[in-house]
Amino acid sequence: MSERRKPYPFDRIEPKWQTIWDQTRAFHAPNPGEEKFDPAQPKYYVLDMFPYPSGAGLHVGHPEGYTATDIIARYKRLRGFNVLHPMGWDAFGLPAEQYAIKTGQHPVVTTRENVAKFKTQLKRIGFSYDWERELNTTDPAYFKWTQWIFLQIYNSWFNPETKRTEPVSTYRGGDPDIVRLAYVAEVAVNWCPELGTVLANEEVIDGKSEVGGFPVVRRPMRQWMLRITAFADRLIDELEGLDWPDSIKALQRNWIGRSEGAEVDFKLGDSQKIRVFTTRPDTLYGATYMVLAPENPLVDQITTEAQRAAVRKYREEIASKSDLERTDLAKEKTGVSTGAFAVNPANEERIPIWIADYVLMGYGTGAIMGVPAHDARDLEFARKFDPPIRLVVQAPAGHESLGFVGHGVAINSPLLDGLPSIEAKQKITAWLGENELGARSINYKLRDWLFSRQRYWGEPFPVIWRDGKHEALPESELPLEPPALEDFKPTGTGEPPLAKAKDWIRYSENAQRETNTMPQWAGSCWYYLRFCDPGNSTHFVGETPERYWMGGGKPGGVDLYIGGVEHAVLHLLYARFWHKVLFDLGHVSKPEPFQRLVNQGMILGEDGRKMSKRWGNVIDPLDVIEIYGADAFRCYEMFMGPLEQMKPWSMKGVEGVSRFLARVWRLIMEENQAGEWILSRSVQEAEPDKSQRKILHATIKKVTGDIETLSFNTAISQMMILVNALTNAPVKPVAVFRTLLLLLNPFAPHLTSELWQTLAEKFPSASGEITAQRWPEYDESFLIEDEIEIVVQVNGKLRDKVTVALDATDAELEAAALANQKVQNALAGKSVRKVVVVPKKLVNIVAG
RNA sequence: GCCGAUGUGGCGAAAUGGCAGACGCAACGGACUUAAAAUCCGUUGGGCUUAAACGGCCCGUGCCGGUUCGAGUCCGGCCAUCGGCACCA
């Protein structure tokens, strides 16, 4: 690149201040009891979603949220808070392992290199992280505690009576293995042959793996599960007290998918019965057939001899399909009769039992009652297979009752006729209860968390197997490090790569180690806790630092958490679950991890497309910083638009913001004959004039308020307005600039630090570095004017503006408005009907 | 299909129910310069009126309606785009 003249010497001052900050430990936050800790100050914990350090390095999307949190961190420090603002690395995971398989380079090596690259980039942007708290999920000193937390989960159960996690020792029902929060089960898992591993439901998108996009098939395997479903209600209810976007709360509620209804038993013969779950027990009289999921074990017992062959064939067809195919073919309902009949408990009718793949084994009881008149899927099925259709809900006027799925009035239902659906539900549920035919019931879409992976690059389970039973490893044997494997390719059989480490597996004469590893989510489920006390070698987090940093009057501990919306249901749900377990067991002080959550919007390429190698529109922050400097980069990221919004990158926009910063520089600095930057002679110890003072205080007010609401774009706009107003002032009062520099400091820390220092050398009226100052306060009295401009409207349309005294009465305002020439013109030929006066704002004359 | 978000100049955007388009980009004009860059100053939603300037008038926040003295903002109904879930009984 040619020697391009810099608008101001950011290339000199930015590295200078970054070095100073490092050397003075400027952003180190001491823990309670440590040297320099000030207990008189309130705490503020502002957290980023820590990155997975990929080989590609950061692109400009990553630092958007990081810049926002950095502004908040620097602002809160100036406001006198003890600020915890840490950064670390979520470094276990599939990409490093895939890369290792391709290149033969060990994940430890690639992880180290990638972390170094990320860290260089982040440091060059000037983020004020407390790097002394840096952590890495692949560090044995860290994952020792990930494994320790797993043991807490393993050794716990959810007591449905107390609705809390308790040690398994309090379980009185016999074998504790059946209630542990971590358990082994033979489940139909998402097996991805290409990746050689199973995946969580959340990692499968449209029947393909989220990583790589490879096909995923259902396959029964023995897996570790975490009993997150026990916490479903709490995970929904306790969203209430959190300052999260409603859309994210909705996403989580949706994912958990709580639905209330009833379970109803349909008798088969004298002793057998089939239980169904329904949200519409009020339509029981309309149930004219039943459907079982093809996988339902009852199918074998009830199928008649005549239907056996057809049923077997159908089940084989279904089994050979992937989930994708199964849902893809949803357009056309399929099914086979079992030949068996059940009895509708409401009217004692004999109804046929079918199997069909639109009924899922994994939800409810794996069986439904078919109410074709009032369920879209059942109606579709009925149109093909012809069971009777009976209307049992009268739709409101204007709606067709056949196919009506909303609430109406019960008909053709002797016990319920005339009742609105909601009352009918209550009545029939009570009736079912009295006759021991059913009961109220709640179902969730949320499934237990499939927690094991057949991978190398993850935390090994601290578990051994003896005589076919699992046992916890003693705490003293943690961390359990993975074996040093040369070959960590998937075995292809579903057996984990760790199985290749024969010596490692052998725990003792008769015990072997578990060979699965934990999923990538494990490390990120609790990293925010470790940041409170990252060096602790005896506890996962010390009680005092946890209480301090995670404290406060709200349910959640982290005061502000910013990250991408892609983690709305994965990371955020898992972390809340772990946190609740730790809370119940008394290891942490708050029921929720994150009090205030904000999702930054994605930054698109200049072409409006998602940034990706494929489109060649990826922007590297370091390239931008090379040309415009880190301060301009930071300010542009915030000036683009609202933080939460998706928005396209624009180099021209960076240039505009860079011009603004250069103007700030030149307000204070000028070039001498030799081409050196020196303090401008117009900067003087002087009183600001009235208009300068007014705009300055208006700016303090606006910027302060905007930072609190994360409206950084408008905060920058206001500072631009201030700078524009000062540009041609012949005398530039130092005090005005000091305030401007403080307001701008969180956004452009290097530039403002340098200018602050330059001013301090010449004018000793302020001492210490800018980071040691206090945030400016505004004085409302400077914002008030003697005269104000009032808008005058006729019939709501702007006609003119008049200037009146601040304390003008309503009558004076009205008189001034009516006397206005333009108003008179507009009123010509009309009579005034009414006059609306809004004090200090406007007068609206209604005429006709 | 269900849930959620978003629709404002050429572009990114701003506006406690009270002056729509702040601030920035781009464009155009001017100053400075031998010239350019940089910098500084100004114009810039659309249309009509006027010889021109000044001025004046009308229209305009996805569409249709409503509430209100007054709606980008509140309410109802549509349309479009994006995101999530999706045979969940």
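**Notebook: domains, RNA strand B and helix crossings**

I looked up the spacing of two domains first and noted that the C-alpha centres of domain 4 and domain 5 lie 38 Å apart. The model is predicted: local features need pLDDT of at least 70, side-chain atom pairs count only at pLDDT 80 or more, and totals for chains, interfaces and linings use all residues. Residues are numbered from 1 along each chain as its sequence is written, chains are lettered from A and ligands numbered from 1 in the order in which they are written, and side-chain values use heavy atoms, with hydrogens and water left out.

**Domains**

I recorded that domain 4 covers 677-782 and domain 5 covers 785-847 of chain A. Domain 1 (10-147 + 534-615) and domain 2 (155-253 + 448-521) are each written in two segments, and domain 3 is 259-443. These bounds come from an automatic or database domain assignment.

**RNA strand B**

I found 53 residues around RNA strand B, and Thr-279, Lys-333, Tyr-358, Arg-377 and Asn-844 come nearest. A residue is near the strand if one of its heavy atoms lies within 4 Å of it. The residues of this surface divide into 21 nonpolar, 14 polar and 18 charged; Ala, Val, Leu, Ile, Met, Phe, Trp, Tyr, Cys and Pro count as nonpolar, Asp, Glu, Lys and Arg as charged, and the others, Gly among them, as polar. Helix α22 (residues 712-726) gives the most to the surface, with six residues. Helices are DSSP runs (H or I, at least four residues), as are strands (E, at least two), numbered from the N terminus.

I noted that 66% of the strand's atoms within 4 Å of the protein belong to sugar or phosphate, and the rest to bases. A polar side-chain atom of Asn-713 is 2.9 Å from a phosphate oxygen of RNA strand B. For Lys-841, a polar side-chain atom lies 2.8 Å from a base oxygen of the strand.

**Helix crossing**

I looked up helix α5 (residues 140-154) and helix α17 (residues 571-584), whose axes come within 10 Å and cross at roughly 70°. Axes are lines fitted to C-alpha atoms, for helices over the stretch in contact, and angles run from 0 to 180 degrees between N-to-C directions. The two helices α5 and α17 are therefore roughly perpendicular (65 to 115 degrees).

**Backbone**

I noted a cis peptide bond from Leu-478 to Pro-479, with omega near -5°. Pro-479 sits in the loop between β23 (469-472) and α13 (502-505).

Definitions and conventions. Polar contact = N/O pair within 3.5 Å; in protein donor to acceptor, adjacent residues only side chain to side chain. Parallel < 35°, antiparallel > 145°, perpendicular 65-115°, else oblique.
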